[in-house]
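Biologist: I am new to this structure. Please explain each label as we go.

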Amino acid sequence: LMRYVPKVRSLVGSDQIIGLLGQLGLCKPVCMEIPSVRFDVKGEECFLTKPHQDLRSIRSARCVTVWLPLTKCDEINGSIAAFSGTHNNGVLPYDMLDGQMSVCKKYLNEQRILNVDPGDLVLLNSFCVHESIRNKSSKIKINLQCFYNDLDALNYNDKLYKLNQIKDYKEIM
């Protein structure tokens, strides 16, 4: 229910975030999904994500994932790890591991765990491969994430726009 809180929803259209997205080349940034709020507790592992791209949020070649930590995020408190340079390779092939889509290991390189404070803003190209880092502390890790595409870059007939309709990972290969 947190994602429906008016303050959370208002962040999506904030002048600061829209301005930063413009600097990254999104002419008309639009958030086409409801933002999500994630809570990770010590010992919980069933919702941790494997190395992935935000495929179901990509609708154009110009897309950005906005990740906002509301608590300290690092190797101890839980975070995300990004894989350098993977945003340059388009949609990458996936394996299925434990029921999750996971980018094939041969496409992964240096993993970088994000060490961020509450209120820091992380902007990732949505093609950038990233994964969850388990919370090992007694504190709850909380973050907000929203996904933006450039309205000027949308093409309703191309493969990128249709990524949100994937039912089977083989459909993207």
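Biologist: Which residue in β10 does R38 stand opposite?

Modeller: R38 stands opposite N143. This is a predicted model with residues numbered from 1 along each chain as its sequence is written, and side-chain values use heavy atoms, without hydrogens or water. Local features need pLDDT of at least 70, side-chain atom pairs count only at pLDDT 80 or more, and totals for chains, interfaces and linings use all residues.

Biologist: How do you know that β2 pairs with β10, and in which sense do they run?

Modeller: Two strands pair if DSSP finds at least two bridges between them. β2 (residues 36–40) and β10 (residues 141–150) are joined by five, so they pair. They run antiparallel. Strands themselves are DSSP runs of E, at least two residues long, and helices are runs of H or I, at least four, numbered from the N terminus.

Biologist: Which residues of β2 are on the covered face, and which on the uncovered one?

Modeller: S36, R38 and D40 are on the covered face. V37 and F39 are on the uncovered one.

Biologist: F39 is uncovered. Which nonpolar surface patch does F39 help to make?

Modeller: F39 joins M2, V5, V41 and I140 in a patch of about 390 Å². The area comes from the Shrake-Rupley method with a 1.4 Å probe, and for residues only the protein chains shown count as cover.

Biologist: What makes V5 fit such a patch?

Modeller: Patch residues need over 30% relative accessible area and no salt bridge; nonpolar side chains (Val, Leu, Ile, Met, Phe, Trp, Tyr) are joined within 5 Å, like charges within 9 Å. V5 has 32%, so V5 passes the area test. V5 lies in the segment before α1 (6–12).

Biologist: Now R38 again. Which salt-bridge network includes R38?

Modeller: R38, D40 and K141 are linked in it. A salt bridge is a side-chain nitrogen of Lys or Arg within 4 Å of a carboxyl oxygen of Asp or Glu. By this rule the count comes to eight salt bridges.

Biologist: What makes R59 and E33 a salt bridge?

Modeller: N to O is 3.6 Å, and the limit is within 4 Å, so the pair counts. The pair links distant parts of the chain, 26 residues apart. R59 is in the loop between β2 and β3, and E33 in the loop between β1 (29–31) and β2.

Biologist: Why is R59 called buried?

Modeller: Buried means under 20% relative accessible area, exposed over 50%, and partly exposed in between, with a 1.4 Å probe and protein chains only. R59 is at 7%, so R59 counts as buried. E33 has 27%, so E33 is partly exposed.

Biologist: How do you know that R62 and D150 form a salt bridge?

Modeller: Their side chains meet at 2.8 Å, N to O, so they pass the rule. R62 lies in the loop between β2 and β3 and D150 in β10, so the pair ties together parts that are 88 residues apart in sequence. D150 is buried at 0%, whereas R62 is partly exposed at 34%.

Biologist: Which residue forms a salt bridge with R134?

Modeller: E45 does, with the closest N and O atoms 3.3 Å apart. R134 is in the loop between β9 and β10 and E45 in the loop between β2 and β3, so this pair ties together parts 89 residues apart. R134 is partly exposed at 34%, and E45 is partly exposed at 46%.

Biologist: What makes the largest pocket a pocket, not a cavity?

Modeller: On a 1 Å grid over the protein atoms alone, a cavity is a set of points where a 1.4 Å probe fits but cannot get out; a pocket is an open set with protein on both sides within 12 Å along at least five of seven lines. About 780 Å³ of space lies in the largest pocket. Of its 34 lining residues, the closest to the centre are R38, T49, H52, D54 and Q145. Lining means an atom within 4 Å of a point. β2 gives the largest share of the lining, five residues.

Biologist: Where does D98 lie?

Modeller: D98 is in the loop between β5 (94–97) and β6. β5 and β6 form a hairpin with two residues between them, and D98 in the turn has a positive phi of about 50°. Most residues other than glycine have a negative phi. D98 is at 73%, over the 50% limit, so D98 is exposed.

Definitions and conventions
Grid points are joined across faces, edges and corners, and a volume is the space filled by probe spheres set on the points.
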